[in-house]
Each structure stands twice: as C-alpha cells, then as structure tokens.
Amino acid sequence: MEASGKFICRQRQVVLFFVLLGLSQAGIEPRRYSVVEETEGSSFVTNLAKDLGLGQRELSKRGARVISKGNKLHLKLDQETGDLLLNEKLDREELCGHTDPCVLRFQVLLENPLQFFQAELQVIDINDHSPVFVDRDMLLKISESSPPGTTFPLKNAQDVDVGRNNIETYIISPNSYFRVLTRKSSDGSRYPELVLDKALDREQEPELRLTLTAQDGGSPPRSGIAQINIEVVDINDNAPEFEQSLYRVKIPEDSPIGFLIVTVSATDADIGVNGEISYSLFQASEEICKTFEINSMTGEIRLKKQLDFERIQFYEVNIEARDSGSFSGKCTVLTQVLDVNDNAPEITMSAFTRHIPENSPEAMVAVLSVSDLDSEQNGKINCTIQDDLPFLLKSSLENFYTLVTERPLDRESQAEYNITITVTDLGTPRLKTQHNITVTVSDVNDNAPAFSQTTYTLRVRENNSPALHIGSVSATDRDSGANAQVTYSLLPPADPQLPLASLVSINADNGQLFALRSLDYEALQAFEFGVRAADRGSPALSSQARVRVLVLDDNDNAPFVLYPPQNGSAPCTELVPRAAEAGYLVTKVVAVDGDSGQNAWLSYQLLKATEPGLFGVWAHNGEVRTARLLSERDAVKHRLVVLVKDNGEPPRSASVTLHVLLVDGFSQPYLPLPEVAAAEARADPLTVYLVVALASVSSLFLFSVLVFVAVRLCRRSRAASAGRCSGPEGHFPGHLVDVSGAGTLSQSYQYEVCLRGGSGTSEFKFLKPNVPNFQGHSPGPEIEENANFRNDFGFSIQ
C-alpha cells in the first residue's frame, strides 16, 4: 500500500510539471546557446549554475535535470560542476535539414522546490557537404541551325548545407561554342543556364562533351561536377555521293535469277532523315528494266531474268541515289556477260547385270554411253569409277564404255559393291555427273562348315534321365542360303564295341546332344565319338569335330563287405584270449566301394556292442581291437555291429556283425612260419578270390578238427569245461592262417586258430595275429591303415 501511494504521488508531480511548463512558455524569454555541428560528444556548452545564479552544489540538491521534446537527449547535465555538455555529436543536416537557423529547444527542471527554465541551442552549420548533381549525365540535342545567343536551361545541383556554404556559382569547361550563366530562382536557389556563343556544324563536330562544375561559398569551397553531352541535330545541307562513278562487273551467263551482280553505295554527310538514300534505275531502257532490278534501300543490283551470252554481251546501267530532300547523285554500272560451261555430261545405260557369280573370271557388268551438249573444251569428257573396286572401265567406241570385273569376286569377303560412275567434262568450271549402281555377288558353295571348337568336352553325371540334353556342338558356314544351312550327324565310333547309337543322339538342325539312356560311371567312365557338320550345297561340303563325354561319378553304390563274408552261412566267430592286452587286434573288417573319389572313401565305426567300451574300431582301416584289458567279469560271447560308411553326398553305408568269443588259458603258442613264400595274388575278379577264400576256410576247418581231437586226448580232464581250446605252453601246436596282403590289405596277416570244443560246427577263430617282428616293434603299429579297399581281397591258410 505504501508503494502504491508513492506511485500515485509521483504521477501527480509529473502532471503538475507539464501544466506549469505550459504556462511558463507564455511569457518567459528562453536562454539561448549555440554549438557548431559535428562537435564531439561531452563537449562544453555552458555552466547552468552560473547562468541561473545558483551555487555549484545547489543544482544537485534541487534535483536539476534537462528535458527536451520527444525525450531526445542531445544534452546532459553534470550535477557536480553544473556544466551543460553535449550528449552526442550533432549533425545539423540530420536534425534540421534545410531549415536555417537550426534551433533545438529544451528545459531545465528544478524539482525541490519546483522551478523550470526555457532554453534554446542553435546548431551552427559548417561546410561539410559538397554540391551533388542528381543527374550526373545530361543529354542536350541542339540543331546545327540554332543561332548564337540561344540559351538552354540545365539541371541544378543540390547542397544540404545552408547560407554561404550552399551553392554560389556554376562553371563550364573551356570550349569554342558555349558558356554558362548562374541564375537565382525565387526560392533563393541557384541554377545554371547554357548560352550558345558560336554556330554549330554537325558535319565538322557532331557532338560535344562538356563538364559542368557547381561550387559552394564555404571556406574552403566544395564542388561537384556533371557531364553534359551535346548532340548536334542535323539539317539537310549535303547531296549523296557514290563511292565510284563507274562500276565494272563480269557475270556468267548461267547466273540464276536473283543473282547479286553488284552493290552500289552512296553516302550523305547528313544524318537521320536527311541522310537516308534511295536507289533507282536512271533513264533505263525496256531491256534493262526487264533484265535488272535494284534494291532502293541497299543498292543491290540483281538479275531479273536469265542472261544469254549469244544474244547480248554488254549492258550499261545508270543508277541514281536521292536523299529525302532535293539532292541526288549518279553512277554507271558496265556489265559484261561471260560464256560458261553450263551443260553437265549425261550418262545412258545400255546394259546392266546386277548379279555376278563369285569366283567367275572377267565378267561384263554394264555397257554405257556418255555425252555433253557443250562444245570444244567444254564438251570433252572423262569417265571414271572408284580406284578401290575390283572393276575396270574400258573404252570401246567413241563415248562408249564397258564395265567388267578385274578379278574373280569373293562373296564371303564382300557381298555387295556400290559403284559410282563419274563423268566429268573439261570446261571451266568442270561439270560432272554421277550414276550409282549396285552389284551383288551371288554365292557359290566354296566354304565348308567350321566348328567353333575342334574338340568338345562334355560332362554328365551318372544315373541321368534318358533324353537328357548334355551339350551342343556348333558350326558356321560363311556361304549364304542353302549353302550355309548346316546339318549335324554322328560319325561311326572308332571302337566297334562302343554302342554309340544307344548312348547319344544329335539334333540334325541345331547340334544339340542328348543322352539316350542312363549312364553308369562304374560301367563306363568316358567315351569319345566324332560329329560331322555338312551344308546343303551342291556338292555338299562338311567338316568334323571330336566330342569327349566324361561320366561323373554319383554316390550310387553302398560299401560292400568282403570280410567277414556275408554269404548267409554260419556267422564267423573271433577268439580272443582273456590275457590279451589293450589294443589287441581281434580282426579286420575289409570293405570296398564301387564308386570313385570321395564317394569311395570308407570309414568304420562301432555301431553296437554287447559290452560298450570293451572293443573299438579304427575309423580308417577297419581294425577291431580291444580297448582295455580283459577281466573275468567280461562276458564270454560278444556281438559287435560295425558300420561301414562312404564319404558321398548323401553317404551310403553297410553293416557287418562280428561274434567274439573270449577264451581262457590260451597262451601265446607259435609255430615256425612256413618256408613257402606267400606270393601276391593277381588282380583277378572278385569271384575267384571268394572261391579261394572258401577253400582255405574249409581246409582250415578240417585241420582245426584234428588239432582239437588231439587236445582232447591229451587233456581229458579239462575237455568237459567251457569248451576252451588250450594246451601246455610250448607243447600245444598252433595253427596259423595266413591272409595275404593282396587287394586293399597292405600286408600279410597270420592268425592262430583253434576249434571251439563241443560246437559241432565248422566255426573257427582267428585268435591272434602273428606278424613279422620289425626290429622289435609291437605288431599293432606295423599294420598299415587303409580306408580305400579294392575288389581284389584274398587270403590263404597255412
């Protein structure tokens, strides 16, 4: 509430101040001060304390301040000293423009007690602006007939300064024709006026360029300039004049209508309308008027009709040039008509053969005659054809020519010739006539079809579907038409055993090859045959190419187990002594694959076992070995299922079942190796090896029976036991089975065998392999791993 009361009180004081201020302006004489414009800010104007008769500190106590209209504070009051100072630099032209004098009114207000004083500040002008012409380039058009003493008002300059600093006089640059007067208008401003002192002549000096200077009365004076361009306006005071009084021209008689003969030209010293010239034929005869015409504006003389040298050889033509007034000029044009070679030679075809067979000797193409209506040198003729063509142009009779072939033509090199027969006379200028003919070379069957390759290699995967497109052969013939139509056929095979007709066929039209039946890589890996391409010309021409077909293997054969044999007989049982150490070789699974490459890479794995962890199968060679030491807790009989898998995509596999019997008390009996060396079996068919293996097994069985009986007689007390086959160490004769290293086995294996007591069957077991002792090494590492087995496996019994 207290702040609100102070605000209302303040408003009342302001209202009271303006009321008193208005009343005071009625009778109190204001105090006057002056300052020169462009004086820097904070410059001293006066000391208000002295002017108002107040003490130095009384101003600040009474709250003195300076107020101006519109709150534009051009002045400021120093409360401490009482000095009135400029608040900013003052520009008289900005504050007052052209008003003179320039007075700024302000008030001095004393608040406590309330008192105010009127004052004026006069801004004194200085000469800080130069005169400026609004139009710095003035154009005056003055007729050359203007008399001396004629005056021409000019545009004045502007100067924002006032008084003596404004424009005082005008000055013109020195010249022979004009002077300038400085006139004063009713408002006090000065303007220039141009006075002609001497008559003008446009032909001598068509234009003048003067400089007008406006100068003010300041100290030092300033000035501004403008350019005055004076254009002297022409009057008709000159007659037209031709560049030549006599023109001589020569024109050929064959010049066309409208042909430009000559252009006459006249000039007039006058300009504008007075200098405009028109041309016309002067006192022309009827023949000249019919033959020639002239352009009235340009002076071009052209042919109006065809000339004839034999009738008129010379023309004399008079030409008049007239300006817009009464002045004119004249000239003469002498025209000589020239005889020219105006008839071109003509060609007449008497005979023409369009089609010429290739490989033909000199053949007649055309018979023609030439002529020219001109006489003497203009009527003599030369007849030619292009130099780069295999044709000759022979002259037979006068003006008769025969066109023949220069050498046999080859259609495959160029099938068509465009021949231009050119006939030229010997006139000046030489005229020529050209006649174009087209000669086509007809085809002869002189090119055999050519294969794109001399040998083609095609690849097809086995087990393909019949009628499969396996590839194409392609031959082209450079001839055309029927001579270029190629048919394809198969040549008889070089091998009479190859049933080519049942293997492939060929499309006679496009050379596409098809497999007629499904191919088997295992039966036929590759075959080769010939293909013939013949055209339909007469006689027909042909060429040959060789095609080699490679059958790509597909994984279509599962592995086949050779050992143990899978022939449906009683299963083969392997005997293993319980004293065998870990890594003991029980047997080896031997298998082959009819495929090739990675499709025949075999791997082995133990699929099932009676007691897992007791036996293991080597993945790469199929050897079945014990994985640990045997114990009494292990079962007597074991059944192993071995999986044989190839590396094809998708892989194929086969399995084989092995029966293993653990025996006790079977020591390591050895018999001397037989002295008969095991010879490698020849690479016979699989059936032969199977027969040999079966005979060996049968012999081994009989021999094993005899051994078994002997053991029973010697060890009757132990014969009724679990059917084990044993004997005193060093006394029981062992029987060795030798499996030769033929086929996919890398070396020979020897196995000890014994017959299972009480079995009543022909089973026998390979108990332990006996291999030669290579410098004291154990037998296991000397058995070479081999994953790729062939069909030549075999073994023998010793």
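**Exercise 1. A sheet of three strands**

In what order do the three strands S10, S13 and S14 form an open sheet, and is the pairing parallel or antiparallel?

Solution. Keep in mind as you work that this is a predicted model.

Step 1: Reading across the open sheet, the order is S10-S14-S13, and the pairing is antiparallel.

Step 2: Now look at the edges. Strand S10 (151-153) and strand S13 (178-184) each have a single partner strand, so one side of each is left without a neighbour in the sheet.

Step 3: From one strand to the next, the twist averages 30°.

Step 4: Zoom in on one pair. S10 and strand S14 (residues 190-196) are joined by three bridges and run antiparallel. Find Thr151, and you will see Val195 of S14 opposite.

**Exercise 2. A serine in a loop**

Explain why Ser146 counts as buried, and list what Ser146 touches.

Solution.

Step 1: Locate the residue. Ser146 sits in the loop between strand S9 (137-143) and S10.

Step 2: Apply the cut-off. Buried means under 20% relative accessible area. Ser146 has 15% relative accessibility, so Ser146 counts as buried.

Step 3: Check the side chain. The side chain of Ser146 reaches the backbone oxygen of Ser143 at 2.9 Å.

Step 4: Look further along the chain. Leaving out residues up to four places away in sequence, Ser146 touches Leu196 and Ala199.

**Exercise 3. A sheet of four strands and a nearby loop residue**

Work out which strands lie at the edges of the open sheet that contains S18, S21, S24 and S25. Then decide whether Asn274 is buried or exposed.

Solution.

Step 1: The order of this open sheet of four strands is S18-S25-S24-S21, and its pairing is mixed.

Step 2: Strand S18 (246-252) and strand S21 (278-281) are the edge strands, each pairing on one side only.

Step 3: On average, neighbouring strands of this sheet are turned by 30° against each other, direction ignored.

Step 4: Follow S21 to its partner. Four bridges pair S21 with strand S24 (residues 314-322) in the antiparallel sense. In this pair, Leu281 stands opposite Ile319 of S24.

Step 5: Turn to the loop between strand S20 (266-267) and S21, where you will find Asn274. The relative accessible area of Asn274 is 16%, so Asn274 is buried.

Step 6: Asn274 touches several residues, not counting those up to four places away in sequence; among them are Asp234, Asn236, Asp268 and Asp323.

**Exercise 4. Following strand S31**

Trace the strands that pair with S31, and explain why S31 is largely enclosed.

Solution.

Step 1: Begin with S26. Strand S26 (residues 346-352) runs antiparallel to strand S28 (residues 364-371), and six bridges join them. Thr348 stands opposite Ser369 in S28.

Step 2: Move on from S28. Five bridges join S28 to strand S31 (residues 400-405), and these two strands run antiparallel. Ala366 has Leu403 of S31 as its bridge partner, while Val367 stands opposite Thr402 of S31.

Step 3: A useful general idea helps here: in a regular strand, side chains alternate between the two faces of the sheet.

Step 4: Add strand S30. Strand S30 (residues 391-395) is joined to S31 by five bridges, and the two run antiparallel. Here Lys394 has Thr402 as its bridge partner in S31.

Step 5: Look at the turn. S30 and S31 form a hairpin with four residues between them, and Asn399 in the turn has a positive phi of about 65°.

Step 6: Finish with burial. Five of the six residues of S31 are buried, so S31 is largely enclosed by the rest of the structure.

**Exercise 5. The core and the whole chain**

Which residues have the most contacts inside the largest nonpolar core?

Solution.

Step 1: This core has 26 residues, and those with the most contacts inside it are Phe451, Val473, Phe527, Phe529 and Val547.

Step 2: Find the elements behind the core. Those that each supply at least two of its residues include strand S35 (455-461), helix H6 (500-503), strand S41 (526-534) and strand S42 (542-552).

Step 3: Take Phe527 as an example. Apart from residues up to four places away in sequence, Phe527 touches Leu498, Leu500, Leu503, Val504, Leu519, Val547, Arg548 and Val549.

Step 4: Step back to the whole chain. Its secondary structure comes to seven helices and 55 strands, and 40% of its 798 residues count as buried.

Methods:
Residues are numbered from 1 along each chain as its sequence is written. This is a predicted model: local features need pLDDT of at least 70, side-chain atom pairs count only at pLDDT 80 or more; totals for chains, interfaces and linings use all residues. Side-chain values use heavy atoms; hydrogens and water are left out. A nonpolar core is a set of buried Ala, Val, Leu, Ile, Met, Phe, Trp, Tyr and Cys residues joined through side-chain atoms within 4.5 Å. Buried means under 20% relative accessible area, exposed over 50%, partly exposed in between (1.4 Å probe, protein chains only). Contact means heavy atoms within 4.5 Å. Two strands pair if DSSP finds at least two bridges between them. Axes are lines fitted to C-alpha atoms, for helices over the stretch in contact, and angles run from 0 to 180 degrees between N-to-C directions. A polar contact is a pair of N or O atoms within 3.5 Å; within protein, one must be able to donate a hydrogen and the other to accept it, and residues adjacent in sequence count only if both atoms are side-chain atoms.
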